[in-house]
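Please open the model in your viewer and keep the selection panel at hand. The tour goes from the whole chain to single side chains, and each stop says what to select.

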Amino acid sequence: MTRNVKYSRFSWSLTAILLVGAIAGSIYFRRGTWVLPTLVAVLALMVLSVLFYAPLAVMADDEDITIVSAVRRHRIPLRAVASVKLFQPTMGAVRVCGSGGLMGYWGLFSENDIGRYFAYYGKASDCFLVVLKNGKKYVLGCEDPEEMVAYIESRLKA
């Protein structure tokens, strides 16, 4: 089963503002001795981060849950999963390291309810929580999260 990640309006807006700002800054400061290389480096870091971590789809099969990004696939073995349930991150989530809107929400977050977790989602309303047997937690998001949770649960029971 494969479901695409839908991004919130905030994510699209923030992504557009950051990219336009970085490009406009690069053009405006093109004659500066150190500013242009710094802006180009920041822009390159943003693009590389997005390519490696921004979620595009969530896939599940009989063996793994896979988070698909542009150049990387992060696999979570089903044999390591303790539970899966629908979950909605709150506005109180603290970003430890990652993106709080640039092409979705991804990276390490902390929340009072569940503690630290790895996030890969586009909209808070499309999320579910995967808890591993070793205690690690993942908040994933995709279209039809209810259907994805039901599918994963059926594979856990099999």
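With the whole protein chain selected, colour by accessibility: buried residues, meaning those under 20% relative accessible area (exposed is over 50%, partly exposed in between, with a 1.4 Å probe and protein chains only), make up 41% of the 158 residues. This is a predicted model, in which local features need pLDDT of at least 70 and side-chain atom pairs count only at pLDDT 80 or more, whereas totals for chains, interfaces and linings use all residues. Residues are numbered from 1 along each chain as its sequence is written, and side-chain values use heavy atoms, with hydrogens and water left out.

Stay with the whole chain and switch to a C-alpha trace, which spans about 65 × 30 × 25 Å along its principal axes. In cartoon mode the secondary structure comes to three helices and 10 strands, where helices (H or I, at least four residues) and strands (E, at least two) are DSSP runs numbered from the N terminus. Of the contacts (heavy atoms within 4.5 Å) with a separation of 6 or more, 50% are between residues 24 or more positions apart.

Next, select strands S1 to S4, which form an open antiparallel sheet in the order S1-S2-S3-S4; two strands pair if DSSP finds at least two bridges between them. Its edges are strand S1 (2-4) and strand S4 (73-77), each of which pairs on one side only. Neighbouring strands of this sheet are turned by 15° against each other on average, direction ignored; the axes behind such angles are lines fitted to C-alpha atoms, for helices over the stretch in contact, and angles run from 0 to 180 degrees between N-to-C directions. Within the sheet, strand S2 (residues 57-60) and strand S3 (residues 64-68) are joined in the antiparallel sense over four bridges, and Val58 stands opposite Ile67 in S3. Adding helix H3 (residues 145-157) to the selection shows a helix that packs on the sheet and touches S1, S2 and S3, with its direction at about 25° to that of S2.

Move now to strand S6 (residues 94-101) and pick Ser99, which counts as buried at 5% relative accessibility. Which backbone nitrogens lie at 3.2 Å and 2.8 Å from a polar atom of the Ser99 side chain? The nitrogen of Gly101 is the one at 3.2 Å, and that of Leu102 is at 2.8 Å. Leaving aside neighbours within four places in sequence, Ser99 is in contact with Gly104, Tyr105, Trp106 and Phe109.

For the next stop, show the aromatic rings. The structure holds five aromatic pairs, taken as rings of Phe, Tyr and Trp (its six-membered ring) with centres within 6.5 Å, where planes under 30 degrees apart count as stacked, over 60 as edge-to-face and the rest as tilted. Tyr7 and Trp12 make an edge-to-face pair, with ring centres 5.4 Å apart and planes at 85°; Tyr7 is buried at 12%, while Trp12 is partly exposed at 48%. Phe109 and Tyr117, by contrast, are stacked, at 5.9 Å centre to centre and 10° between the planes, and both are buried.

Finally, select Cys127 and Cys142. How many disulfides are there? The count is zero, a disulfide being a pair of cysteine sulfur atoms within 2.5 Å. The sulfur of Cys127 is 8.8 Å from its closest cysteine sulfur, in Cys142, and therefore too far for a bond. Cys127 is buried at 3% relative accessible area, and Cys142 is buried at 0%.

Key
Polar contact = N/O pair within 3.5 Å; in protein donor to acceptor, adjacent residues only side chain to side chain.
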